Amino acid sequence: MSSQTGMYSEPTGEDEEKAMSEINTTPLVDVMLVLLIVFMITIPVITHTVPVELPKVRNEATKTAPENINISVNKDGQIYWNQTLVPDTNALLERLKGSAVLKPQPEVHVRADQATRYEYVGRVILTAQRAGIQKVGFITEPGPTGAVSR
């Protein structure tokens, strides 16, 4: 029996506990090295960008021409054509159709109260589109100097 115990012995409880308490870190190190190499190769590719000249921000004052049409929408949805109340969108459509055929075509500037629902402004834009107006702009109050809106 002594010759058999030298060749192979049954693991005892102490040997099992010892084997369980040791963590084999070789696979972890291998994975970390592979990731390190992958990141070392890909990071320089990601950081290279195409050199472009980005546009500078500037705010130009609106050039109001007499032929431009100023449409105002108050918070209740009432539409004004250059200070004159327009009864509904059908009347606005007819007036815009008459202006759309002029050469050069006038621009439509929409001014809306801050509390105006989007629905009312959307109706004005849709009416201008249906009338064939090519240029529609929004008039806003300028923000503080140096502020950039996105």
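## Starting with helix α5

On the face of α5 that points away from its buried side sit the exposed residues Y118, Q129 and R130. This is a predicted model, and α5 is a good place to begin a tour of it. The buried residues of this helix are Y120, V121, V124, T127, A128 and A131. They lie on the same side of α5, because the arc they cover around the axis is only 120 degrees. An α-helix has 3.6 residues a turn, so residues three or four places apart point the same way.

What do the buried residues of α5 pack against? Their partners are β1, β2, α4, β4 and β5 (136–139). The length of the helix also agrees with expectation: 14 residues at 1.5 Å a residue should span 20 Å, and the end C-alpha atoms of α5 are 20 Å apart. Just after the helix comes G132, with a positive phi of about 95 degrees.

## The whole protein

Stepping back, the protein has 5 helices and 5 strands. Read from the N terminus, their order is α-α-α-β-β-β-α-β-α-β. The protein has 150 residues, and 17% of them count as buried. Its accessible surface is about 12900 Å², with 58% of that belonging to carbon and sulfur atoms.

How much of the contact network links residues 24 or more positions apart? Among contacts with a separation of 6 or more, such pairs account for 65%.

## The nonpolar core

In soluble globular proteins, nonpolar side chains tend to be buried together. Here, the largest nonpolar core holds 18 residues, and those with the most contacts inside it are I71, L92, L96, V108, V124 and I133. Two or more residues come from each of β1 (69–73), β2 (79–81), α4 (89–100), β4 (108–112) and α5 (118–131). The element that gives the most is α5, with 5 residues.

V124 shows how these elements meet. Apart from its neighbours within four places in sequence, V124 is in contact with I71, V73, I79, L92 and V110.

## Helix α4

α4 also has a buried side. Which of its residues are buried? They are L92, L93, L96, S99 and A100. Seen down the helix axis, the buried residues of α4 fall within an arc of 125 degrees, so they line one face. They pack against β1, β2, β3 (84–86), β4 and α5. With 12 residues, α4 reaches 16 Å from its first C-alpha to its last, close to the 16 Å expected at 1.5 Å a residue.

S99 is one of the residues in α4. Its relative accessibility is 11%, and because buried means under 20%, S99 counts as buried. Not counting residues up to four places away in sequence, S99 touches I69, W81, Q105 and P106.

Further along, P104 has its place in the loop between α4 and β4. The peptide bond that leads from K103 to P104 is cis, with omega near -10 degrees.

## Strand β1 and the loop after it

S72 lies in strand β1. Is S72 buried or partly exposed? At 25% relative accessibility, S72 counts as partly exposed. Leaving out residues up to four places away in sequence, it touches Q78, I79, Y80 and R111.

The loop between β1 and β2 contains N74. The side chain of N74 makes a polar contact with the side chain of Q78, at 2.7 Å. Setting aside neighbours within four places in sequence, N74 is in contact with Y80, D113 and T116.

## The loop between β2 and β3

Two residues in the loop between β2 and β3 are worth finding in the structure: N82 and Q83. N82 has a positive phi of about 45 degrees although it is not a glycine. Q83, also not a glycine, has a positive phi of about 80 degrees.

How exposed are these residues? N82 counts as partly exposed at 35% relative accessibility, whereas Q83 counts as exposed at 76%. N82 also leads back to strand β1: N82 and S72 are 10 residues apart in sequence, and their C-alpha atoms are 7.6 Å apart in space.

Definitions and conventions. Residues numbered from 1 in each chain as written. Predicted model: local features only at pLDDT ≥ 70, side-chain atom pairs only at ≥ 80, totals over all residues. Heavy atoms only, no water. Helix = DSSP H or I, 4+ residues; strand = E, 2+ residues; numbered from the N terminus. Buried < 20%, exposed > 50% of the residue type's maximum accessible area, 1.4 Å probe, protein only. Contact = heavy atoms within 4.5 Å. Areas by Shrake-Rupley, 256 points an atom, 1.4 Å probe, with all protein chains shown as cover. Core = buried A, V, L, I, M, F, W, Y, C linked by side-chain atoms within 4.5 Å. Polar contact = N/O pair within 3.5 Å; in protein donor to acceptor, adjacent residues only side chain to side chain. Expected span 1.5 Å × (residues − 1). Arc of directions from axis to C-beta.
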